[in-house]
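Visitor: Hi! Could you walk me through this one while I look at it?
Guide: Happy to, let's bring it up.

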Amino acid sequence: MFQLVKPGTNIDFVRLRKFAYTLSLSLILGTFLLLWIEGGPKEGIDFVGGTVIQVRFTTPVSIPGIKKSLTAQHITGVTVQRFGNAENNEFLIHTDRFDMPTDKFSAKLAKILSADTKSKVEIRRVEMVGPKVGKDLRDKAAYALFYTLLFITIYISGRFETKWMVSGAMVAALIGGVYLVSLIGLGIYYLIGAALLITLVLFWFLDLRYAMGAIVALIHDVTITTGMFVFSGKEFTLPIIAALLTILGYSLNDTIIVFDRIRENLKKMPKSPLREIINRSVNDTLSRTLLTSGTVVLVLLALFFLGGGIIHDFAFTMLVGVVVGTYSSIYVASPILLAWQRKAKR
Amino acid sequence: MNSISWRLATSIGVLLTAVILVLPSFKPMWPHKKINLGLDLRGGMQLVLEVETNKAVEGNIDRMAEDMKSEMRKDRIRFSQIERIKGERLQVQLGSQDMINAFDTFLNKEYPDLRELSRDTAAAQPTFVYGLQEKQVAHIKNQAEEQALETIRNRIDQFGVSEPDIRRQGSNRILIQLPGVVNAQRAKALIGKTALLEFKLVDDNADIGAAKQGQLPPGTELLYKVVRNPDTGRIERTPFVVFKHALLTGRYVSDARVQIDSRTNEPDVTLDFDRKGADIFANITEDNVNKRLAIVLDNKIQTAPVIQERISGGHARITGNFSMTEAKDLAIVLRAGALPAPVKVLEERTVGPSLGADSIHKGILSTIVAGILVIVFMAVYYRLSGVIADVALALNIVLIAAGLAAFKATLTLPGIAGVILTIGMAVDSNVLIFERIREELRIGKMPMAAVDAGFDRATLTIMDSNITTLIAALVLFQFGTGPVKGFAVTLSLGVVSSLFTALVFSRYLFDLLLTKRKVKQLSI
């Protein structure tokens with residue numbers, strides 16, 4: 001029998017929590033610092049509008065070469081990026097313009113480039129998003145994030161302690177709070193922030209410690225994933241938002257399983273200190289945690305390396321999210337229970 | 001054994017349904033359709049258009065002004081001006097003070113729905129400003145939207161695109177998906193052309209030079225005939241002063257065809273009018289012999305021939321050195337009718353067929369590789385039990401495909417990513433169960449009891465851990481567009497089907513193994 005984790009393994013995860021806290025906090029602070037320096041995440045044309053044209057050449061060409069021939073024809077304000085592997089000779093030509101007819105623009109582009117590079121040019125993809133649609137898509141993405149967070153919060157507030165009355169009150173307070181904030185007329189991002197804040201405060205006062213652990217882990221995962229994404233210089237697009245939402249759902253999965261085991265073990269060994277129970281439970285579920293994260297990472301690696309350029313960033317985001325999510329359910333969610341208990345004792 | 005037989009029955013039922021749903025995608029046959037591929041996979045073009053519905057409202061007010069003028073002339077109510085002013089309002093200026101009473105009576109009788117916004121009766125020429133009822137504006141806008149949708153649908157049908165998807169999106173947008181369309185330029189020109197055809201008389205007495213300075217005789221406008229000189233390639237613009245009032249419009253066109261002019265060998269578009277249109281056309285030509293009649297398309301003069309004699313047959317011909325494609329497309333738009341208001345392209349996404357084929361290829365490749373990796377891993381790690389999980393995984397993929405077919409959902413590239421993700425996540429349920437069973441076995445339980453306990457204790461956790469992913473997927477389905485929606489679909493289907501395969505199907509295989517084969521040692 002293959003065993004990744006031998007039965008009876010007892011790694012003292014709780015002892016490592018100070019180190020984990022430092023690591024997590026610095027990553028989160030790093031993310032905020034990065035976002036502050038960059039002035040927010042880089043947004044793709046889905047959200048800001050503009051035109052992207054994907055071209056393929058039959059012979060190798062260089063980015064400065066493309067730019068030079070475009071500038072010579074008075075096409076300025078474009079950025080050129082390599083797309084996919086170098087041997088594909090594919091590039092993304094990106095412009096902020098959305099006012100000119102894209103078909104004429106891309107035809108002109110193809111003509112100029114094929115004349116200058118002496119290479120056959122294939123226009124493989126053209127995407128034009130007007131500013132109005134861009135704003136709509138951004139709103140949609142933000143609302144999707146908001147509702148996912150809202151529903152998941154509602155679910156986990158009742159899920160762990162099975163005090164559905166408390167959770168009902170919690171939901172009412174949360175929705176009321178969000179409604180009040182929305183009356184001020186602030187944007188959806190403030191709404192999301194407000195909802196998170198209200199959630200944390202409510203969890204604190206209602207003494208929903210498992211829910212608190214889960215939501216903190218969730219915020220942790222999405223923040224760090226965003227940070228890594230921004231750090232890699234990639235652009236936010238709709239598929240990336242989809243990846244982040246999936247991570248919201250998936251990373252909770254691990255946390256729920258560890259927490260369930262903690263509650264089961266609490267009943268089994270009522271005399272043991274919480275610290276020991278947490279360690280026991282994380283170790284009990286460690287094999288499962290590593291196995292399932294392992295299979296997900298495995299398939300994502302396949303997608304990352306073989307799925308092609310269009311799905312590349314999506315796979316990257318998911319990969320980071322799954323790894324961070326696995327780490328957080330071991331090192332972030334459970335230690336919060338312990339911290340809470342210490343607070344209660346004082 | 002009862003529990004085994006219901007699991008068997010359910011599994012067989014689900015499997016059969018799934019096979020029936022999926023088979024048509026591989027072999028064309030009765031009864032279901034194939035699984036839809038998204039534009040990102042099959043190539044094609046997606047457009048989001050905005051119908052400028054306020055233009056339709058303006059047009060409505062313009063027509064109302066024309067009608068009002070002729071009615072007031074009939075009723076001998078003198079006016080100095082009736083015109084649309086900014087903000088979709090109608091301004092009426094009467095000839096003198098003593099017309100006010102007659103005008104009020106006239107308005108109450110003929111236009112009771114108009115909303116009076118202001119009146120200035122003190123001036124020598126009293127001025128009134130009116131607006132439309134809000135309900136009416138909403139009605140006009142909605143009507144314009146519906147009509148635009150219908151017209152565009154007509155045009156695309158005649159253009160010949162297989163399986164186009166044209167639908168309203170929100171209040172004033174139209175989403176158009178044209179699979180397989182490569183010539184984006186032509187398709188867009190065809191869809192986006194307003195194609196407002198008007199016949200207007202040329203004012204031959206007007207001074208073109210003065211008109212260019214902006215001094216136009218009342219009731220006329222300056223329009224251009226734009227021609228590309230075939231020899232020099234230069235664009236030549238010839239100005240014409242025409243009367244604003246359109247004598248006849250494209251509404252009366254019953255058919256339009258391309259014909260080759262026998263003298264010039266160039267394609268022309270021949271129009272047939274319906275009966276009413278033929279009558280109007282006969283009258284116009286009768287009344288205006290020796291004058292020039294301009295055929296105006298979207299405010300550009302196509303041709304302005306001199307009327308030689310009364311034309312009674314109800315035919316007209318538009319010349320204007322078209323290419324064959326241009327002439328064909330013009331005939332299509334004239335047959336399908338004009339758009340009630342101009343449209344603006346808000347979003348455009350075109351995927352070339354080679355990129356689509358590439359994406360399919362890469363999607364399938366990564367799915368297969370991901371599948372093999374997971375299958376081998378499970379079989380090595382859990383042996384026979386792992387093989388059970390692998391069979392469940394295979395069933396899972398069939399179920400996702402069946403779900404796509406059943407809900408007529410669209411498979412996109414992110415959708416394939418969703419399938420791949422499911423391959424990785426679906427085994428999670430099995431891992432949870434197997435780890436539990438191993439634990440129970442370690443305490444010394446018999447295989448049968450261990451399997452029972454393993455499934456029982458893991459069931460709730462499995463449900464829970466999948467619910468949160470399902471929440472995210474459903475929200476994404478609600479808010480996502482296009483390819484991302486495809487991801488939400490496959491992910492949701494994957495989550496639901498993995499619950500079934502883990503809790504019902506693999507359980508059945510285990511029971512079969514343990515009771516029928518009476519296995520003493522569980523291979524896990």
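Guide: One term before we start: two strands count as paired if DSSP finds at least two bridges between them. Also keep in mind that this is a predicted model.

Visitor: Okay, so how many bridges pair strand 1 and strand 4 of chain A?
Guide: Eight bridges, in the antiparallel sense, between strand 1 (residues 50–57) and strand 4 (residues 121–129) of chain A. If you want a spot to click on, Phe57(A) stands opposite Val121(A) in strand 4 of chain A.

Visitor: And which helix packs on the sheet there, touching strand 4 of chain A?
Guide: That is helix 10 (residues 353–406) of chain B, which touches strand 18 of chain B as well. The direction of helix 10 of chain B makes about 90° with that of strand 4 of chain A.

Visitor: What's the strand order in the whole sheet?
Guide: Eight strands form an open sheet in the order 2(A)-3(A)-1(A)-4(A)-18(B)-2(B)-8(B)-7(B), with antiparallel pairing.

Visitor: Which strands stand at the edges?
Guide: Strand 2 (78–82) of chain A and strand 7 (165–169) of chain B. Each has a single partner strand, so one side of each is left without a neighbour in the sheet. From one strand to the next, the twist averages 20°.

Visitor: How does strand 4 of chain A pair with strand 18 of chain B?
Guide: Antiparallel, over five bridges. Look for Glu127(A), which stands opposite Arg349(B) in strand 18 of chain B.

Visitor: What lies across the strands of chain B?
Guide: Helix 5 (residues 134–159) of chain B does, crossing strand 2 (44–51), strand 7, strand 8 (173–179) and strand 18 (343–351) of chain B. Helix 5 of chain B runs at about 170° to strand 7 of chain B.

Visitor: Back to the two chains. How many residues are in contact between them?
Guide: 56 residues of chain B are in contact with 55 residues of chain A. On the chain B side, the elements that give two or more residues are helix 6 (184–192), strand 18, helix 10, helix 11 (413–442), helix 12 (447–479) and helix 13 (482–516).

Visitor: Which one gives the largest share?
Guide: Helix 10 of chain B, with 15 residues. By class, the side of chain B that touches chain A has 33 nonpolar, 13 polar and 10 charged residues.

Visitor: Nice. Can you give me the basics on chain A?
Guide: Sure. Chain A has 12 helices and four strands, and its C-alpha trace spans about 80 × 60 × 30 Å along the principal axes. Of its 346 residues, 45% are buried. Among contacts in chain A with a separation of 6 or more, 77% are between residues 24 or more positions apart.

Visitor: And how is chain A divided into domains?
Guide: Into domain 1 (14–44 + 133–345) and domain 2 (50–129). The centres of the two domains, taken over C-alpha atoms, are separated by 40 Å.

Visitor: How do helix 5 and helix 9 of chain A pack?
Guide: At an angle of about 5°, with their axes 10 Å apart. Helix 5 and helix 9 of chain A are therefore roughly parallel to each other. Helix 5 of chain A brings residues including Leu137(A), Ala141(A) and Ile152(A), and helix 9 of chain A brings Leu238(A) and Leu245(A), among others. By class, the contact has 10 nonpolar, one polar and no charged residues.

Visitor: I've landed on Pro270(A). Is it buried or exposed?
Guide: Pro270(A) is exposed, because it has 8 other C-beta atoms within 10 Å, and 12 or fewer counts as exposed. Its place is in the loop between helix 9 (238–268) and helix 10 (274–306) of chain A.

Visitor: Last topic: hairpins in chain B. Where should I look?
Guide: Try strand 13 (residues 253–260) and strand 14 (residues 267–273) of chain B, which pair antiparallel over seven bridges. Six residues lie between them in the hairpin, and Asn265(B) in the turn has a positive phi of about 65°. Strand 5 and strand 6 of chain B form a hairpin too, with six residues between them.

Visitor: How many residues of strand 5 of chain B are buried?
Guide: Zero of its six residues, so to speak a strand that is hardly covered. Five bridges join strand 5 (residues 115–120) to strand 6 (residues 127–131) of chain B, and Arg115(B) has Gly131(B) as its bridge partner.

Terms used
Residues are numbered from 1 along each chain as its sequence is written. Chains are lettered from A and ligands numbered from 1 in the order in which they are written. This is a predicted model: local features need pLDDT of at least 70, side-chain atom pairs count only at pLDDT 80 or more; totals for chains, interfaces and linings use all residues. Axes are lines fitted to C-alpha atoms, for helices over the stretch in contact, and angles run from 0 to 180 degrees between N-to-C directions. Two residues are in contact if their C-beta atoms, placed from the backbone, lie within 7 Å. A residue is buried if 20 or more other C-beta atoms lie within 10 Å of its own, exposed if 12 or fewer, and partly exposed in between; C-beta atoms are placed from the backbone. Ala, Val, Leu, Ile, Met, Phe, Trp, Tyr, Cys and Pro count as nonpolar, Asp, Glu, Lys and Arg as charged, and the others, Gly among them, as polar. Domain bounds come from an automatic or database domain assignment. Angles under 35 degrees count as roughly parallel, over 145 as roughly antiparallel, 65 to 115 as roughly perpendicular and the rest as oblique.
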